[in-house]
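Let's take a walk through a protein together, starting from a single spot and working outwards. Keep the 3D view open and turn it as you read.

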Amino acid sequence: LEKKIAILEGRVPQKYPDVKFLGYKERKRILVTGGAGFVGSHLVDILMMQGHEVIVVDNFFTGRKRNVEHWFGHRNFEMIHHDIVNPLYVEADEIYHLASPASPPHYMQNPVKTIKTNTLGTINMLGLARRVGARILIASTSEVYGDPMVHPQPESYWGHVNPIGPRACYDEGKRVAETLAYSYAKQEKVDVRVARIFNTYGPRMHASDGRVVSNFIMQAIQNLTITVYGNGRQTRSFCYVSDLVDGLLALMASSYTLPVNIGNPVEHTIEEFAMIIKNLVPGCRSTVATGAAVEDDPQRRRPDIAVAEANLHWTPKVTLQEGLQRTIDYFKEELSRTAFFNNQTY
Ligand code: NAD
Ligand code: UDP
Ligand code: UDP
């Protein structure tokens, strides 16, 4: 009944009709740091639809209230404007720790802040988990493998990271976050999970966050030049956001405590990717241009997901074509919404 009322009131997005509404005994109080961001807001949707109490903590550096505003006023939802570099005292049964800028232009904009968020911020969240006895899932990244010498990348690979390069604030920040997680697990018996997330895309990515998916789609739908950095032969493997969220939920629920790669192993060169997007936008007149290469840009990236398949029984389901089509539709809507507001006088 509660779910029906919420749907009638328009508080539940209709995108995940299969979500199971849990009984009272299974419901938890769940803290999501970075919950107003791209990945966090999709996770919040599922947790809310399952019937949990959700506390979002975000400083809105790259996230937006708009991503979670459909939950404002719901009695199970709370939003705290807070920077996790500072201590935080709340109660929770589980913590999804996602707060960190994720796109290269964002995390390079203020490298000191990025490393503080991933180190001091992670210490605070581990300290909180320790105090309240909560299980905590740390959002790590495929960037811990750096520009990898092993392909595809299994969790056992230690990585190839430049500790003083432009990406180091993020890569090394996440590596320290992992080290902190396992130090707290060993010394303080904190129950940790570590997800090594590979490139993820979907609706609610920020149109101007500079990542390849948002850049190429925004360029293609406006008939602008598609900007390939370098020769375009570098590769990435893209995971649709609902698959990632399913993987995070499965990891949190599992008893597997070592790092787990979560990503889609279908790999493309960036040049191929530009053509795939161009061909998915009807009548697109964009040309594809190559430009200067990015410093320390990883040349090949594809997850080995055998650990996730065996231990979480998880595998991505959404094809690249399907996921990109949904993302293109989202960005088209965003563009017309922005155009509408730009034409308003206040
Ligand atoms: P995002 O930038 O959309 O979301 C990050 C959120 O964290 C934002 O809402 C931002 O405002 C918040 N935040 C940043 N610093 C904060 C601070 N100091 N205090 C409080 N809130 C803060 O990025 P995303 O793509 O949703 O990424 C979420 C997590 O997943 C990040 O930890 C990221 O490193 C990880 N990840 C994402 C990808 C990907 O492809 N999207 C890949 C690997 C890892
Ligand atoms: N912390 C927090 N919320 C809590 C508990 C701890 O933000 O509910 C912070 C606390 O300020 C500390 C950090 O987490 O700086 C690490 O906590 P821990 O208990 O490990 O260390 P200590 O308090 O002994 O420094
Ligand atoms: N890239 C590109 N054009 C763009 C944005 C990115 O060619 O407009 C390339 C970038 O150099 C990298 C790949 O696309 O090789 C993925 O970049 P992104 O910033 O999305 O993620 P990451 O480098 O963190 O995987």
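**Starting from one arginine**

Find Arg 204, which sits in the loop between S7 and helix H6 (212-221). Before going on, keep in mind that what you see is a predicted model. Is Arg 204 buried or exposed? Its relative accessible area is 8%, and anything under 20% counts as buried, so Arg 204 is buried. Its side chain has a partner as well: a polar contact of 3.0 Å joins it to the side chain of Ser 41.

Stay in that loop between S7 and H6, because Ala 207 is there too. With a relative accessible area of 27%, Ala 207 is partly exposed. Leave out the residues up to four places away in sequence, and Ala 207 touches Ser 214, Met 218 and Phe 331. Now look for Leu 335: it is 128 residues from Ala 207 in sequence, yet their C-alpha atoms are 8.8 Å apart in space.

Next, the aromatic rings. How many aromatic pairs does a search of the whole structure find? The count is nine. One of them is made by Tyr 201 and Phe 238, with 6.5 Å from centre to centre and 85 degrees between the planes, which makes it edge-to-face. Tyr 201 belongs to strand S7 (residues 200-201), while Phe 238 is in the loop between strand S9 (235-237) and strand S10 (239-240), so this pair ties together parts that lie 37 residues apart in sequence. Both of these residues, Tyr 201 and Phe 238, are buried. They have company, too: ring pairs link Tyr 201, Phe 216, Phe 238, Tyr 240 and Phe 273 into a cluster.

Rings can also meet charges. Over at Phe 60, the charged end of Lys 65 sits over the ring, 5.4 Å from its centre.

Phe 273 from that cluster leads us to helix H8 (residues 270-280), where it is one of the buried residues. The others in H8 are Ile 270, Ala 274, Ile 276, Ile 277, Lys 278 and Leu 280. What do the buried residues of H8 pack against? Their partners are H6, strand S8 (226-229), S9, strand S12 (267-269), strand S13 (288-291) and helix H10 (320-342).

For another stop, go to Leu 31 in strand S1 (residues 29-33). Leu 31 has 0% relative accessibility, so it counts as buried. Setting aside neighbours within four places in sequence, its contacts include Ile 55, Val 57, Leu 88, Val 90, Met 125 and Leu 128. Take Ile 55: it is 24 residues from Leu 31 in sequence, and 4.7 Å separates the two C-alpha atoms.

Finally, zoom out. The protein has 10 helices and 13 strands. Its radius of gyration is 20 Å, close to the 20 Å that the globule rule gives for 346 residues, so the protein is as compact as a globular protein of that length. Measure along the principal axes, and the C-alpha atoms fill a box of roughly 55 × 50 × 40 Å. Of the 346 residues, 55% are buried. Among contacts with a separation of 6 or more, 80% come from residues 24 or more positions apart. As for the outside, the protein exposes about 15800 Å², and carbon and sulfur atoms supply 54% of that.

Notes:
Residues are numbered from 1 along each chain as its sequence is written. Chains are lettered from A and ligands numbered from 1 in the order in which they are written. This is a predicted model: local features need pLDDT of at least 70, side-chain atom pairs count only at pLDDT 80 or more; totals for chains, interfaces and linings use all residues. Side-chain values use heavy atoms; hydrogens and water are left out. Rings of Phe, Tyr and Trp (its six-membered ring) pair if their centres lie within 6.5 Å; planes under 30 degrees apart count as stacked, over 60 as edge-to-face and the rest as tilted. Helices (H or I, at least four residues) and strands (E, at least two) are DSSP runs, numbered from the N terminus. Buried means under 20% relative accessible area, exposed over 50%, partly exposed in between (1.4 Å probe, protein chains only). A charge sits over a ring if NZ of Lys or CZ of Arg is within 6 Å of the ring centre and within 35 degrees of the ring normal. The radius of gyration is taken over C-alpha atoms; the globule rule is 2.2 Å times the number of residues to the power 0.38. Contact means heavy atoms within 4.5 Å. Accessible areas come from the Shrake-Rupley method with a 1.4 Å probe; for residues, only the protein chains shown count as cover. A polar contact is a pair of N or O atoms within 3.5 Å; within protein, one must be able to donate a hydrogen and the other to accept it, and residues adjacent in sequence count only if both atoms are side-chain atoms.
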